[in-house]
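Welcome, and thank you for stopping by. Please take a look at the sequence and the 3D structure first, and then read on for a short guided tour.

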Protein chains: 2
Amino acid sequence: MAHPDPLPDSSNFALGRLRALLEGGSFDKEQRLPSERVLAAQIGIGRRALRRALEVLEAEGRIWRHQGKGTFLGPRPPEHPSDVEDLSRRTNPLEVMDVRLEIEPALARLAALRASNGDIERLLHLADKTASMSDADGRELWDSALHRAIAEVAGNSLLLAIFDMIDRIRQDATWRLLRERARSGARQQVYVDQHRRVIAAIAQREAHAAEQAMREHLELVRDGLLKVMTSPLPDGKDPQQAIPENTEDQRLHGT
Amino acid sequence: MAHPDPLPDSSNFALGRLRALLEGGSFDKEQRLPSERVLAAQIGIGRRALRRALEVLEAEGRIWRHQGKGTFLGPRPPEHPSDVEDLSRRTNPLEVMDVRLEIEPALARLAALRASNGDIERLLHLADKTASMSDADGRELWDSALHRAIAEVAGNSLLLAIFDMIDRIRQDATWRLLRERARSGARQQVYVDQHRRVIAAIAQREAHAAEQAMREHLELVRDGLLKVMTSPLPDGKDPQQAIPENTEDQRLHGT
DNA sequence: AGGCCGAACCAATTTGCAACTGGTTCGGTG
DNA sequence: CACCGAACCAGTTGCAAATTGGTTCGGCCT
């Protein structure tokens with residue numbers, strides 16, 4: 001009886017009954033099955049026996065179940081991964097920077113190709129705002145607004161949505177402390193200059209220059225982040241405590 | 001009095017009063033202002049006058065407002081763009097394919113570097129399932145599950161989240177018809193072969209081959225999409241009606 | 001003892017409703 | 001004419017109730 005294949009239905013009446021329903025394509029062609037309580041009553045068996053049969057079908061990949069939702073036909077759909085809280089727990093700042101280095105230079109290049117004069121005025125205004133902020137919190141807000149404005153100007157709605165997802169993770173409170181330290185001191189002025197260089201390239205419609213300027217900017221941001229993460233704090237605190245475990249470098253194109 | 005600068009408060013008592021509050025950094029250092037009704041009562045003016053003053057402040061970028069939420073200091077945050085319905089209305093299949101061509105080859109390469117034997121078994125099982133489906137709906141489901149499994153194996157949580165966003169848009173009902181046509185006929189068998197080639201490269205840990213195989217697969221999918229979109233239907237229907245206006249080719253790296 | 005059923009409870013999700021917010025219109029007042 | 005008060009519309013949030021799968025328990029039958 002130690003048969004490795006769980007298919008024989010001989011030992012289970014409910015399983016055969018369920019398979020018949022599934023193959024029959026019932027349920028109004030919807031993917032959702034009735035609730036376990038209803039289904040058990042329909043077949044005329046107990047809920048415990050029904051669940052044992054459903055476990056088999058789920059293991060075979062014919063159905064998938066989720067607490068609070070129901071039981072459905074077909075392969076299990078992806079979990080909703082856009083929750084910023086969950087996601088910012090699973091990823092880490094270096095992953096984020098690698099993806100930003102992949103996305104934002106392309107956005108800057110597209111922005112250079114499509115920016116109107118009004119767009120450029122708006123970017124300059126945001127750059128001024130960013131530079132004029134005195135507190136770290138204000139800098140973060142306006143810096144984010146500037147980078148997003150560039151993404152808007154690029155005119156690719158899907159890339160903009162991807163940027164927004166990354167940006168929301170970036171602004172998560174967990175990493176605020178880390179980024180404030182990476183942004184502190186003389187680095188801030190360099191960032192301001194780099195912002196202006198990106199916008200200047202966009203204003204002159206030099207796509208490649210804009211792409212390169214953005215890449216240099218983000219590489220400096222990443223380098224600052226790396227230094228903060230790997231070097232100990234002057235007062236002795238351990239910076240690693242704020243960083244999830246997965247810190248390996250994952251280049252996207254370095255075949 | 002056609003002064004271009006909207007700053008003079010002389011004509012408006014409420015505006016000066018509001019500016020004083022904003023500069024004073026009140027409101028418990030929170031970004032949220034009291035509701036219009038409360039704020040109007042505090043200042044001692046009517047709601048209509050208050051709103052006129054708030055319009056000026058909003059145009060200057062000092063505050064932003066949203067119905068149902070409230071009035072806040074600082075730059076306007078990005079609208080939540082992860083709603084699949086809104087997003088699939090704004091983007092188009094070609095934008096999606098361009099981004100997929102940017103993301104998924106990288107995922108295949110990473111998957112080749114990190115796949116365990118169990119992962120590879122799972123990918124093969126999904127490929128078999130995809131190939132065995134007889135109806136278009138089933139093919140779509142299992143094809144999506146296969147591509148996502150590769151993204152899972154890649155092990156970069158942020159890229160996985162980005163893939164999921166794209167995939168949810170891809171599965172939107174609006175484009176179902178279009179993709180079914182692009183997938184029809186002999187093309188289906190080629191897709192099956194390409195899937196197996198990608199998985200074979202992953203199984204042999206050949207990162208570059210996996211990346212290239214995935215790129216070729218997606219390029220063929222995009223070409224099929226292009227043909228369907230640009231050529232008229234045999235029965236005379238206009239395929240353009242299902243496609244938003246923004247159909248220009250937006251390469252991400254073709255400087 | 002083992003298998004099954006009914007019932008109850010837990011936990012995650014969806015749904016519906018009430019409260020609140022900005023957006024708008026209307027009539028009244030000085 | 002500018003302003004106010006009030007009412008209503010529309011979008012958002014928060015919370016409680018209902019629903020669902022996940023789990024445990026006691027009782028019944030073979």
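The report below goes through the DNA contacts, the salt bridges, a helix and the aromatic pairs.

This is a predicted model, in which local features need pLDDT of at least 70 and side-chain atom pairs count only at pLDDT 80 or more, while totals for chains, interfaces and linings use all residues. Residues are numbered from 1 along each chain as its sequence is written, chains are lettered from A and ligands numbered from 1 in the order in which they are written, and side-chain values use heavy atoms, with hydrogens and water left out.

**Around DNA strand D**

Let us begin with DNA strand D. A residue is called near a strand if one of its heavy atoms lies within 4 Å of it. There are 24 residues around DNA strand D, and Glu36(A), Arg37(A), Arg47(A), Arg51(A) and Gln67(B) come nearest. Of the atoms of DNA strand D that come within 4 Å of the protein, 61% belong to sugar and phosphate.

Which elements supply this surface? Helices and strands here are DSSP runs, numbered from the N terminus (helices: H or I, at least four residues; strands: E, at least two). Helix H2 (36-43), H3, strand S1 (63-66) and S2 of chain A, along with helix H3 (47-60) of chain B, each supply at least two residues. H3(B) gives the most, with three residues. By residue type, the surface near DNA strand D has three nonpolar, ten polar and eleven charged residues. In this count Ala, Val, Leu, Ile, Met, Phe, Trp, Tyr, Cys and Pro are nonpolar, Asp, Glu, Lys and Arg are charged, and the others, Gly among them, are polar.

**Around DNA strand C**

DNA strand C is surrounded by 26 residues, the closest being Gln67(A), Glu36(B), Arg37(B), Arg47(B) and Arg51(B). Sugar or phosphate holds 60% of the atoms of DNA strand C within 4 Å of the protein, and bases hold the rest. H3(A) gives the most to this surface, with four residues. The residues near DNA strand C divide into three nonpolar, ten polar and 13 charged.

The table lists some polar contacts to the two strands, a polar contact being a pair of N or O atoms within 3.5 Å (within protein, one must be able to donate a hydrogen and the other to accept it, and residues adjacent in sequence count only if both atoms are side-chain atoms).

| Residue and part | DNA atom | Distance |
|---|---|---|
| Arg37(A), side chain | base oxygen, strand D | 3.0 Å |
| Arg47(A), side chain | base nitrogen, strand D | 2.8 Å |
| Arg51(A), side chain | phosphate oxygen, strand D | 2.5 Å |
| Gly46(A), backbone | phosphate oxygen, strand C | 3.2 Å |
| Arg47(A), side chain | base nitrogen, strand C | 3.3 Å |
| His66(A), side chain | phosphate oxygen, strand C | 3.2 Å |

**Salt bridges**

A salt bridge is a side-chain nitrogen of Lys or Arg within 4 Å of a carboxyl oxygen of Asp or Glu. How many are there over all chains? The count comes to 34 salt bridges.

Glu58(A) is a good place to start. It forms a salt bridge with Arg65(A), with the closest N and O atoms 3.0 Å apart. The side chain of Glu58(A) also meets that of Arg76(A) in a salt bridge, at 2.7 Å from N to O. This second pair links distant parts of the chain, 18 residues apart: Glu58(A) is in helix H3 (residues 47-59) of chain A, and Arg76(A) is in the loop between strand S2 (70-73) and helix H4 (84-90).

Are these residues buried or exposed? Buried means under 20% relative accessible area and exposed over 50%, with partly exposed in between (1.4 Å probe, protein chains only). Arg65(A) is buried at 14%, Glu58(A) is partly exposed at 23%, and Arg76(A) is partly exposed at 44%.

In chain B, Arg196(B) and Asp128(B) form a salt bridge at 3.1 Å, N to O. Arg196(B) lies in helix H10 (residues 187-203) and Asp128(B) in helix H6 (residues 117-132), so the pair ties together parts 68 residues apart in sequence.

**A helix and two aromatic pairs**

In chain A, 15 of the 19 residues of H7(A) are buried, so this helix is largely enclosed by the rest of the structure. Just after H7(A), Gly155(A) takes a positive phi of about 85°.

Finally, the whole structure holds two aromatic pairs over all chains. Trp64(A) and Phe72(A) are stacked, at 4.5 Å centre to centre and 15° between the planes. Rings of Phe, Tyr and Trp (its six-membered ring) pair if their centres lie within 6.5 Å; planes under 30 degrees apart count as stacked, over 60 as edge-to-face and the rest as tilted. Trp64(A) is buried at 11%, and Phe72(A) is buried at 15%. In chain B, Trp64(B) and Phe72(B) have ring centres 4.5 Å apart and planes at 15°, so this pair is stacked.
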